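Reader: I would like a close look at one part of this protein, its packed interior. Please go through it piece by piece and keep to what the coordinates show.

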Amino acid sequence: MGADLTVLYRGPLASCDYDCPYCPFAKRRDSREQLRADRAALERFTAWAAGYRDGRLSVLFTPWGEGLVRSWYRRALVELSRQEHVERVAIQTNLSCRTDWLDAADLDTVALWCTYHPGQTPYERFLDKCRALSGRGVRFSVGVVGLGEHLEHARRLRAALPERVYLWVNAAEGHVYTDEEAAAWTEVDPLFPFSRHPHRSGGLPCRTGASVVSVDGDGTVRRCHFVRSVLGNLYDGSYRAALAPRPCPLARCDCHIGYVHLESLPLYDVFAGGVLERIPAPSGPVWLPSPGDPG
């Protein structure tokens, strides 16, 4: 019997062309050897994904660095978007790359999760990239980190983007928001209350480890990026026997790519059809904020 699977892939790539002060991988340079290893790992994964026959497959690339400035990530998205069994293939990106490569992709399948980093790229340049994506009919969301100095940039971007383009806000790591600050960010992103506080997850059911897994460049399979216990290996198939519903072993989950899969939250309904690329459903109760979970 087939089994639909979502894979979050993070290979060894760690280099980025930006130097955001809140990111540990800012302006890090991978050696040629490291880049070759990342390319080989990605090509191996892409071949596995293209040959997956156990059900429908969805893939989100979550590199530590910036992937789309590397040709092998662009090729992987195009190739996988054209596989009939691939439901969605998406990547997190700062959108510093060109966008014309998307003309070769299946736009019903490919999607981008884009982050705007004020101070790293001119506002108009980033907005032009977003306009180019819209003009091509590409599915994408745009977001910012919720630092105080980013608020006016986020407001300006929200006003300039088409209404259909969701602009999300990630709570800054370690930052405690006053109600006044949270209200300002919620005006930009009505779903910000889901990000404001870490979510209680310990002992609660989560889709990770059952229908969602994390995979690294060696093919090591874990339930998610944040739980280090190993379920098996992708390439020898040993992970399959370990796929099963299981509660989260961590007390809190504070990252969207983790807590979106918690069954205790309504986010699969909120983002129905767009969970990987962080695009809310076009209809239904999508703007119902969480009451928050400060404890």
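Author: What follows goes through the packing, starting with a pair of helices and ending with two buried loop residues. The model is a predicted one.

Begin with helix H1, residues 32-50, and helix H2, residues 71-81: their axes come within 10 Å and cross at roughly 5°. An angle under 35 degrees counts as roughly parallel, and H1 and H2 are therefore roughly parallel to each other. On the H1 side, the contact is made by Leu35, Asp38, Arg39, Leu42, Glu43, Thr46, Ala49 and Ala50, and on the H2 side by Trp72, Tyr73, Arg75, Ala76, Glu79 and Leu80. Sorted by type, the residues of this contact are eight nonpolar, five charged and one polar.

H1 also has a part in the nonpolar interior. The largest nonpolar core has 65 residues, and those with the most contacts inside it are Phe45, Trp48, Phe61, Leu112, Val142 and Leu157. H1 supplies the largest share of this core, seven residues. Setting aside residues up to four places away in sequence, Phe45 touches Val7, Tyr9, Val59, Phe61, Leu234 and Tyr235. There is also a second, separate core of 22 residues, with Leu8, Ala90, Phe194 and Val270 among them. As a general matter, nonpolar side chains in soluble globular proteins tend to be buried together.

Strand E2, residues 57-61, holds Leu57. Leu57 has a relative accessibility of 0% and so counts as buried. Its contacts, leaving aside neighbours within four places in sequence, are Leu5, Val7, Trp48, Ala49, Tyr52, His85, Val86, Glu87 and Arg88. Leu57 also lies 5.9 Å from Thr6, C-alpha to C-alpha, although 51 residues separate the two in sequence.

Thr115 belongs to strand E4, residues 110-115. With a relative accessibility of 13%, Thr115 counts as buried, because the cut-off for buried is under 20%. Beyond its neighbours within four places in sequence, Thr115 is in contact with Thr93, Asn94, Phe126, Gly143 and Trp168.

Helix H5, residues 179-188, has a buried side and an exposed one. Ala182, Ala184, Trp185 and Val188 are its buried residues. These four cover an arc of only 160° around the axis, so they sit on the same side of H5. The face turned away from that buried side carries Asp179, Glu180 and Glu187, which are exposed. The cover over the buried residues of H5 includes strand E5 (139-146), helix H4 (151-160), strand E6 (167-171) and helix H6 (192-196).

Two residues are left, and both concern the backbone. Most residues other than glycine have a negative phi. Leu95 is not a glycine, yet has a positive phi of about 65°. Leu95 is placed in the loop between strand E3 (86-93) and E4, and at 3% relative accessibility this leucine counts as buried. Arg278 is another residue other than glycine with a positive phi, near 60°. Arg278 is found in the segment after helix H8 (267-270). With a relative accessible area of 2%, Arg278 is buried.

Methods. Residues numbered from 1 in each chain as written. Predicted model: local features only at pLDDT ≥ 70, side-chain atom pairs only at ≥ 80, totals over all residues. Heavy atoms only, no water. Axes fitted to C-alpha atoms, helices over the stretch in contact; angles between N-to-C directions. Parallel < 35°, antiparallel > 145°, perpendicular 65-115°, else oblique. Contact = heavy atoms within 4.5 Å. Nonpolar A, V, L, I, M, F, W, Y, C, P; charged D, E, K, R; others polar. Buried < 20%, exposed > 50% of the residue type's maximum accessible area, 1.4 Å probe, protein only. Arc of directions from axis to C-beta. Core = buried A, V, L, I, M, F, W, Y, C linked by side-chain atoms within 4.5 Å.
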